[in-house]
Amino acid sequence: MRPVRFNIHPKEAEIADAIGMGKAPDGVTGDGFFATQLSSVVGLARKNSLWPLPFATSCCGIEFMATMASHYDLSRFGSERVGFSPRQCDLLMVMGTIAKKMAPVLRQVYIQMAEPRWVIAVGACASSGGIFDTYSVLQGIDQVIPVDVYVPGCPPRPEAIIDGFMKIQDLVGQESIRRRNSEQYKTLLNSYGIQ
Amino acid sequence: MSLNNEIIQEKLIAKFGDQVGQFAISYGMLSFEAPKEMNLKVLQFLYDEPGLEFTFLTDICAVNYPDQKGAELVVVYHLHNLKENVRVRFSVSTSLDNTDVFTATKLFESANWMERETYDFFGINFVGHPNLKRILNVDEMDYFPLRKEFPLEDQTRIDKDDEMFGRG
Amino acid sequence: MEHNHITLPEGSIEKTTTTLNIGPTHPATHGVFQNIMEVDGERIVSSDQTVGYIHRAFEKLAERRPLYQITPITDRLNYCSSPINNMGWHITCERFLNIETPKRVDYLRVIIMELARISDHLICNSIVGVDTGAYTGFLYVMQYRELIYEIYEEICGSRLTTNIGRIGGFERNFSNTAFTKLEKFLNEYPKVLKEFENLFTRNRIFMERTQGTGGISAERAMNYGFTGPNLRAAGVDYDVRVHQPYSSYQDFNFTVPVGTTGDNYDRFLVRNAEMWESISIIKQAYEKVQAFKGTDAEVYHADVPEYYLPKKEDVYTKMEALIWHFKIIMGEIDLPKGQIYSPVEGGNGELGFYLISDGGRTPFRLHFRRPCFIYYQAYPELIKGGMLSDAVVTMSSLNLIAGELDA
């Protein structure tokens, strides 16, 4: 029996809705084969096994710890293994205020990550400086690195962090294989000064 | 007889005469001032004197009063006598042109970083400090941000419009 | 020995120690500060700290904001126990403005502050476990921190950075659901704490990892300005709740646990013992709150219209309430002149607020006496001569919260 019970008006669970099958990408099915785009298959594999690098600096980091804990388990989405080495991770989760002193460190960690890499800015401070419009706080990490998803909140609830993570999963699933070598991506990185 | 504000005041006046002054009691805490050359002597006296024994340094901070010409920067020490449970506040003032104040690190180890923080925010030069460099701000910063003359926001930011925040 | 000698390139320096950088980004649990260590093999010879990687200029920010707008920034000091920071700030304002809070408000505040203290010590102790390799304790107790978060949510709406309370009391009376949740917490949590202790306290591996490492004597600790559980583990029973009682702590019956050697094991035990004391204080406070009957049970704030936001029904119907609402929100209320230093017992020690006001609408100067900042200076002395892995355990047992370190 669960040791903790706060739900004082419990609803009976419905078994039929509880288990769902993942959707296969569009393709041509035949007798013993399934043909689809390579990018869909690769995207499906990548999005369900993102390994995040939690770059937790302040209060949002504690909400991330709550998200990783058993109540709001993030490992259901494939990120069982959080890594702290940039080389081994796909997703840089920047959680918390980034001060100007910390910005070069963040940039260095981003540069050390191997392609393909995505960035999620969790919290108001990482998105735009938050409530700290001061001389020492970087007003948003998109001043130094390109960001894919912004999660607002101060701090965002774990459900909001999971929602941001699911949006990253959508982006990963639909990404074209050629994106990282395209001209557009190169100009994006050059605008940040990253080769 | 247990320690109270009158005894502290009497002992200080008995030792230093009229060099300590501006005695005031605010919300139960005695506060007084002394010239900045005497700060170590006063701190040592408060530390050693049997009956006073303020051996715990709670806090060092500074305040910038731009209107008090000649005494714009005031360094405030909060001391605590743990046995008798009495606190006292001691302040020294210095002007903007000559910001030298003697360091309290030989007496209290905790003064080390507190003085670095005070230097970082206000520019007070603590003479004799083992490692006086900026602690919280970036090392390349060339001004002392908590002085009243400098603004809170970073003036070079482009994404926030001061007009909209009522500060245009 | 010729064949052992390696020729070094021109201009290089021969040294026997290695410089190791435990940099600002290290596993997410601790926060951002940098330690540059000189190690001789595994032994640490010396170390140097850099802080300020999350400096957010709270003190300058506070000079711009009227009293209520400062509460959200006090949240972000020690964000693991933010209600204590909020209440500490409100108690400072009440002492400054000579406002007396009714007893029921004090007892409700005590409940919230002790819950926050439990939440802070839980994070610290379970992270000490994680750093010695035991991940289970952390995941198990995070479940119970979620219960504490739900209690905060019932009262103020938010989980972590709570912004809870007002000057003079609370924004609303605690609902029956909040009390139900509190009762469930009080029923279930003691068993969990007992299990957590069984995992660690007499565990041979944990004891050998933590005993004898990171120790400090009482005299050195006082000279370094230690306060809170770290000082009590070294043997000095200084607790602001006993020395300068606030919020009616003098009405409660509790002991202050004290250690002997000040090493990591003592700090762990002191925090565990404080959690037991907190549970007992919450039970006493809850009984006292329930003893109020009739109209006394509806009191949740002091009667200070200049500083306490009036109820919305009154704002829409009564003229005075409308005027006070306007003045408080726009910050048009001038503070009296004066200065005050007001400490509270935070999760890490004496959290002090030094407020100087010159009669304007915002403080002239507000300085936070942050306990983490002050005792982190002692870190090189604590780890000198020890091993590298002990340095990591010492860092987490000191409970360094980056937000409080840099402010």
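In what sense, and over how many bridges, do strand 4 of chain A and strand 5 of chain A pair? I began my entries with this point, keeping in mind that the model is predicted. Strand 4 of chain A and strand 5 of chain A, the latter spanning residues 118-122, run in the parallel sense and are joined over five bridges.

**Entry 1: strand 4 of chain A and its neighbours**

I then looked along the pairing with strand 5 of chain A for a particular position, and found Met95(A) standing opposite Val122(A). Following the chain between these two strands, I noted that strand 4 of chain A, helix 4 of chain A (residues 103-112) and strand 5 of chain A make a β-α-β unit, which is right-handed.

Strand 3 of chain A, residues 52-56, also pairs with strand 4 of chain A, again in the parallel sense and over five bridges. Within this pairing, I recorded Leu92(A) of strand 4 as the bridge partner of Leu53(A). The path from strand 3 of chain A to strand 4 of chain A passes through helix 3 of chain A (residues 59-68), and I noted this β-α-β crossover as left-handed.

Is strand 4 of chain A mostly covered or mostly uncovered? I found it mostly covered, since five of its five residues, 91-95, are buried, which here means under 20% relative accessible area. In a regular strand the side chains alternate between the two faces of the sheet. I therefore checked the two sides separately: Leu91(A), Met93(A) and Met95(A) are buried on one side, and Leu92(A) and Val94(A) are buried on the other, so both faces are covered.

**Entry 2: salt bridges within the chains**

My search of the whole structure for salt bridges gave 35 over all chains. Among them is the pair of Glu175(A) and Arg180(A), whose side chains meet at 3.2 Å, N to O, and both of these residues are buried.

In chain C, I looked up Arg232(C) and Glu274(C), whose side chains meet in a salt bridge at 2.7 Å, N to O. Because Arg232(C) lies in helix 9 of chain C (residues 229-234) and Glu274(C) in helix 11 of chain C (residues 264-290), this pair ties together parts that are 42 residues apart in sequence. Arg232(C) is buried, with a relative accessible area of 0%, and Glu274(C) also counts as buried, at 3% relative accessibility.

A further salt bridge links Arg241(C) and Asp239(C), with the closest N and O atoms 3.0 Å apart, and I found both residues buried. Tracing shared partners, I saw that Arg232(C), Glu274(C), Asp239(C) and Arg241(C) are among the members of one salt-bridge network, which also includes Glu114(C), Arg117(C) and Glu345(C).

**Entry 3: the interface of chain C and chain A**

How many residues of chain C are in contact with chain A? I noted 43 residues of chain C in contact with 37 residues of chain A. Between them the two chains bury about 3,600 Å², of which 68% is on carbon and sulfur atoms.

For polar features, I recorded two salt bridges across the interface of chain C and chain A. One of these joins Arg159(C) to Glu63(A), the closest N and O atoms being 3.0 Å apart. The count of residue pairs in polar contact between these chains, with both residues at pLDDT 80 or more, is nine.

On the side of chain C that touches chain A, the elements giving two or more residues are helix 1 (58-62), helix 4 (103-131), helix 5 (136-156) and helix 6 (176-200) of chain C. Helix 5 of chain C gives the most, with eleven residues.

How values were computed:
Residues are numbered from 1 along each chain as its sequence is written. Chains are lettered from A and ligands numbered from 1 in the order in which they are written. This is a predicted model: local features need pLDDT of at least 70, side-chain atom pairs count only at pLDDT 80 or more; totals for chains, interfaces and linings use all residues. Side-chain values use heavy atoms; hydrogens and water are left out. Buried means under 20% relative accessible area, exposed over 50%, partly exposed in between (1.4 Å probe, protein chains only). Helices (H or I, at least four residues) and strands (E, at least two) are DSSP runs, numbered from the N terminus. Two strands pair if DSSP finds at least two bridges between them. A crossover is right-handed if, with the strands pointing away from the viewer, the path from the first strand over the helix to the second runs clockwise. A salt bridge is a side-chain nitrogen of Lys or Arg within 4 Å of a carboxyl oxygen of Asp or Glu. Contact means heavy atoms within 4.5 Å. Buried area is the accessible area (1.4 Å probe) that two parts lose on being put together, summed over both. A polar contact is a pair of N or O atoms within 3.5 Å; within protein, one must be able to donate a hydrogen and the other to accept it, and residues adjacent in sequence count only if both atoms are side-chain atoms.
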